[in-house]
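Me: Got a minute? I'd like to go through this one with you.

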Amino acid sequence: MSDENNQQQTAPAGRNAKATLSVTGMTCASCVMHVTDALNEVPGVSDAKVNLATGHAVVSYDTTKASAPALEKAVRDAGYGVARDTALLQISGMSCAACVDKIQRVVGDLPGVSRVAVNLATGTGRVEYLSSITSLKEIKRAIQALGYVAEEKLEGEAALEREKRERDREIRRQLINLLIAAPIGALVMLGTFQPYWIFPNILPEWMNNKVFLFFLTTPVVFGPGRQFFVNSYRGLRRGVTDMNLLYATGIGAAYLIAVINTFWPDAGFGGREATFYEAAALLSAFIILGRYLEAVTRGRTSEAIRKLMKLQPKVARVIRHGQEVEIHADEVEAGDVVVVRPGESIPVDGIVKEGYSAVDESMLTGESLPVEKKPGDEVIGGTLNKTGAFHFAATKVGKETALSQIIQMVENAQMTKPRIQRIADTVAGHFILGIHALALIVFLFWFFAGFGLWFRPETRLILTPYVLSGMGVFGFALLTSITVLVISCPCAVGLATPSAIMAGTGKGAEFGILFKGGDALESTSKLTTVVFDKTGTLTRGEPAVTDVAAVAMNQEEMLNLAAIAEKNSEHPLGEAIVRAAQNHGHQLPDAESFDSIPGHGVVARWAGKEILLGNRKLMAERGISLDAVVDQAEAFEDGGKTAMFLAVDGKVNGVIAVADTLKPTSAQAVAALRAMGLEVAMITGDNRRTADAIARQLDINTVLAEVLPQDKAAEVKRLQEQGKRVAMVGDGINDAPALAQADVGMAIGSGTDVAKETGHVVLMRDDILDVVAAIQVAKATVRNVKQNLFWAFGYNTAAVPLGMGIIYPFTGLMVSPELASLLMALSSITVTLNALRLKGFVPGIKKGPPGRNAKLEQQVVPEPREAQS
């Protein structure tokens, strides 16, 4: 087992620490509130965030005042469980009971370790721990520091498998309950309807016997339905309420009325003909059906995280002491030389040292085509080697790998609540207490006023055969208040946002788009303006030769002479000319002499010729006429390109145009954003003419030119003061203040350094189309959240008054408890299924065929040569 699979966040040294607990048993927003309150009550806890959809609680605490066992105890005392990691270790070197005691004492003292059991006879140890506080590697190191050898046994439980096992156990438990409750509930329903419609002809009369129905229903209520009573008791013991209390009250009251009307029919609850056995049985069955379907669907919303975790390789081959050895991937250390063969996953991040291959990085970046790798290229852990074999030096291991950072970022995003969820959680947290208060008010109303005003002997329950002619005032009021309790659905309100946020952030991760929080996702959906930095974002970030206009010599000869002159130059434009010549196959000898003239250009001598390459100032100082090329130079400059003049032995021989080329997809991205109704702006340090030339090519109307790097944040703020919601897109290097200032900062082309970015959204690929995709994912996710909340609040707004009997005075019909439970179960299931629709969502900008942007290649953007300095 690799504990890296479950690593959430290791506690930092010192007083402050952060732990992630996997909490079991939570079913609704009220549970979230109870767990949060319980953790916040632990002395030393400064903050606790609990997420229903993930089942995780992230706790910040002072290690001198609080401990992992204290946090775990608080959760368990609240009536919930904490799933621990379990590791089985093979320990060699032990010789006596003192060795056992020493290991158990040292490991047991590690923070986060809750239980240690070491067996001398078998040479094994079993450790239960929280990997968010102490990693398995640290446990093994502690044992090895005592002089023993500790190796992990393959039976160890990875966090991924543990969580899946917990979820599967819950699914299996509820399925068994459902398989018991559903058929028995159906039999009770048939027995109840035996005297009606066609059933007297096909069902024996004894099936309607109330004692028979009592014996059928009792195992359902105290078997599959027992969980609701037990969980309610645990909550009430600590003075808290949750959905289980609503269920237990509804099931218990329906069952109790049925028992009373069976054995004491004259007690005033409707008589022998108003037994609600089918209500108690079907209430249990429908609620359990809801629990089962929620457990199944909720697990699917977190598939993105599980897919990422499964990418983490378990083993690695490294060269140590000249030998190739196989070790666990989490034991690779920075500097190790790792061997990768065709078809194998790359275990950690690193730099290729020897060999050549193509690597499939689609699982992390969304890039469909394999990426060629040669010595000096970077490889990412978790990606798949396709063809060749190679060796690489490990640079990032453990939690520092890009994959671990991505998993951490996605999990953090799912733990961070957007404003809309905080509002919904506040409502849901107080919902249950409010529903109980409302049920009491409903009871009092029908008991003291409603029954006398509107009760009629022919009163019926919807979808039941009952005529409540014998129902007394107490029974009628109680039945109505039970229906109110059962029909309400705070689960739908509590699940509406986190289920959609989980699916949306996971969907973003599939395309290499990482939202740092649910609030970032919400803000991205509300953008009105997108500001692009020019260099490295809209453009490739390096100049290239775009045109060669020669006079009195051919273009190749002119390019060759210019490159010889610039060979020793360190100026970016000079390097662009050298690259162009080399790409044309020119062999570049060293110049006999070379002199760089700051602000003007360069002077070189080769083969007896004096070569000048530079701007107008250089040519004017040397008295060289530019009449033969001035028109061409001005045409280049009007297009925003930088014109560099070449003169040989005092005569001008031509002009070379250099510019920074646009990325192939920049124009398409800008057009897509404008089509979405967003304002697109560009910010650059270039002069106005250069900036305008870029803007014309991209159809950008708002241009912020001649802005120094330190002033970019102020320009973003100025746009915000105009009431605009601004996204700043940059490479995350010089743009950090502006990225932080923007409502949404998008750091593009992050590669493996995803955790170091200032941006609220991290785009792993250097593709500007991902900006469009990020906004489309955010809009789809927030739209899904709003749909869920509309349904959740709309359902309760409509259903609760229905349960209160609002239609009864006009129709003589009341909602039956079993119908109420069915509606309640369908409500929460509907919310989760709607969130699952995001699994199939593909951003519109990603639907086109690859290569459709080829026509956009070779558009150019100017790179002004500021006086050849």
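Reply: Here come a small set of strands and two loop residues.

Reply: This is a predicted model, where local features need pLDDT of at least 70, side-chain atom pairs count only at pLDDT 80 or more, and totals for chains, interfaces and linings use all residues. Residues are numbered from 1 along each chain as its sequence is written, and side-chain values use heavy atoms, with hydrogens and water left out.

Me: What is the order of the three strands in the open sheet?
Reply: The order is β14-β13-β16, with antiparallel pairing. Strands here are DSSP runs of E, at least two residues, and helices are runs of H or I, at least four residues, numbered from the N terminus. Two strands pair if DSSP finds at least two bridges between them.

Me: Which strands stand at the edges?
Reply: β14 (371-373) and β16 (384-385) do. Each has a single partner strand, so one side of each lacks a neighbour in the sheet.

Me: And how many bridges join β13 and β14?
Reply: Three, in the antiparallel sense. β13 covers residues 357-360. Serine 357 sits opposite lysine 373 in β14.

Me: New topic. What is the phi of histidine 321?
Reply: About 55°, so positive, although histidine 321 is not a glycine. Most residues other than glycine have a negative phi.

Me: Where is histidine 321?
Reply: In the loop between β9 (315-320) and β10 (323-328).

Me: Buried or exposed?
Reply: Histidine 321 is exposed, at 83% relative accessibility. Buried means under 20% relative accessible area, exposed over 50%, and partly exposed in between (1.4 Å probe, protein chains only).

Me: What about phi of aspartate 699?
Reply: That phi is positive too, near 60°. Aspartate 699 lies in the loop between α24 (688-698) and β28 (702-704). Aspartate 699 counts as partly exposed, at 43% relative accessibility.
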